[in-house]
Amino acid sequence: MKAIICPKYGSPDVLQLREVVKPVPQEDEVLIQIHAASLNSRDLRMLRANPFFMRLMPGGLFCPKNKILGADVAGRVEAIGCNVKQFKPDDEVFGYLPSATGRGTFAEFVCAKENLITLKPSNLTFEQAAAVPEAAMTALQGLRDKGNIQPGQKVLIYGASGGVGTFAVQIAKVFGAEVTAVCSTRNLDMVHSLGADYVIDYTREDFTRKGQRYDLILAVNGYRPISDYLCVLNPEGSYVVAGGSMLQLIQAASNRNRISKTGKQRISVASLVQSQKDLIFIKELIEPGKVIPVIDGCYPLSKMAEAFWYFEKEHAKGKVVITIEHDNKL
């Protein structure tokens, strides 16, 4: 089978399209013929080994231990192990493969344990489905599990136009929140269309000077000082970091349960926990149209380096998707 190999850490130009051995499913695994995958910040961090500790988790001090990157997957089940109960051949599935599995999805096939995937939303193409898992689950867990989102709360989504941000705006509305989204000028209309009640153009306005305070702030890849967010957070509010600079993450980790003058502000970092239950929950939001994936563009597997460069430099609107063609595609 064809796969994108990352032989060493570096820029997207180190990636190589090669023929590798097609995997065989274990007793508790399914073999997926991949039709689409998508790029996430995690893939870029693994490629560049930046920050440095990425070399230690999931491993590879001098070169990547897992040479096929990619975590999101959408495709068709080709074969199943003898202990698999949830799926059968030809089922259309999607899911997320954590780094610890040692499996990557920038390839024609991948094996996955059945609890890492679920049936693809019936109203999505493979390309749309591949844009969902990691970003949508990060948004859900950040808002619900870390942020304890409640109906009627005022919620600020900083970085609302990227992969996680576009899902966060929609999921916050599902939970009944009043959503203020922060993005750049070119994404204002798109973010409004996702249901945001208010949209702030960060190139023209400073959200800290709007005179508004929030019950919950989700900062997606935020790079402003943590004090900027906390100054507009209610005394009993929650601030959740989802990605961003190392300084952001260190500041958030060192300020957990910060005591303000009038209450306790809860500060946490959203670290994705793979959950089939959450994947099914998101699927059940997608099928009636309550949540939709936003795709900036699609690239074939052979243009993986180009896709990475675009993802890194252009601040993609929603997700960048990788398509995989097969000679026997139905």
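**Exercise 1. A charged pair between two strands**

In this predicted model, Glu92 forms a salt bridge with Arg76, and the closest N and O atoms of the pair are 3.0 Å apart. Work out which elements this pair ties together, and decide whether each partner is buried, partly exposed or exposed.

*Solution.* Begin with the location of the partners: Glu92 lies in strand β5, whereas Arg76 belongs to strand β4, which covers residues 72-80, so the salt bridge ties together parts that are 16 residues apart in sequence. Next, turn to accessibility, for which buried means under 20% relative accessible area and exposed means over 50%. Glu92 has a relative accessible area of 30% and is therefore partly exposed, while Arg76, with 12%, is buried.

**Exercise 2. Further salt bridges**

Find which residue, besides Arg76, forms a salt bridge with Glu92, and state where in the chain that residue is found. Then treat the pair of Lys88 and Asp91 in a similar way.

*Solution.* The residue sought is Lys120, whose salt bridge with Glu92 has its closest N and O atoms 3.4 Å apart. This pair links distant parts of the chain, since Lys120 sits in the loop between β7 and α2 (126-130) and Glu92 in strand β5, 28 residues apart. Lys120 has a relative accessibility of 10% and so counts as buried. In the pair of Lys88 and Asp91, the closest N and O atoms are 2.9 Å apart; here Lys88 is exposed, with a relative accessible area of 51%, whereas Asp91 counts as buried at 11%. A search of the whole structure finds 20 salt bridges.

**Exercise 3. The surroundings of Ala168**

Describe where Ala168 is found, whether it is buried or exposed, and which residues it touches beyond four places away in sequence.

*Solution.* First, Ala168 is found in helix α4. Second, its relative accessible area is 0%, and therefore Ala168 is buried. Third, leaving out residues up to four places away in sequence, Ala168 touches Ala139, Leu143, Ile157 and Leu218. Three of these names, Leu143, Ile157 and Leu218, return among the residues that touch the most other members of the largest nonpolar core, which has 49 residues. Apart from that core lies another, of 34 residues, among them Leu69, Val84, Val93 and Ile117.

**Exercise 4. How helix α8 is packed**

Which residues of helix α8 are buried, and against which elements do they pack? Add what can be said about Ser275.

*Solution.* Helix α8 covers residues 276-286, and its buried residues are Gln276, Asp278, Leu279, Ile282, Lys283, Leu285 and Ile286. These residues pack against β5 (92-96), β7 (117-119), α3 (133-146) and α4 (163-174). Ser275 is found in the loop between β14 (264-269) and α8, and, with a relative accessible area of 16%, Ser275 is buried. Beyond four places away in sequence, Ser275 touches Met137 and Gln141.

**Exercise 5. The second largest pocket**

How much space lies in the second largest pocket, which element gives the largest share of its lining, and how is the lining divided by class?

*Solution.* The space in the second largest pocket is about 150 Å³. Its lining includes Lys154, Glu178, Tyr198 and Tyr214, and the elements that give two or more residues to the lining are β9 (178-183) and β10 (198-201). The largest share, 3 residues, comes from β10. By class, the lining has 4 nonpolar, 2 polar and 4 charged residues.

Technical notes:
Residues numbered from 1 in each chain as written. Predicted model: local features only at pLDDT ≥ 70, side-chain atom pairs only at ≥ 80, totals over all residues. Heavy atoms only, no water. Buried < 20%, exposed > 50% of the residue type's maximum accessible area, 1.4 Å probe, protein only. Helix = DSSP H or I, 4+ residues; strand = E, 2+ residues; numbered from the N terminus. Contact = heavy atoms within 4.5 Å. Core = buried A, V, L, I, M, F, W, Y, C linked by side-chain atoms within 4.5 Å. 1 Å grid on protein atoms, 1.4 Å probe; cavity = no way out; pocket = protein on both sides within 12 Å on 5 of 7 lines; lining within 4 Å. Points joined across faces, edges and corners; volume = space filled by probe spheres on them. Nonpolar A, V, L, I, M, F, W, Y, C, P; charged D, E, K, R; others polar. Salt bridge = Lys/Arg side-chain N within 4 Å of Asp/Glu carboxyl O.
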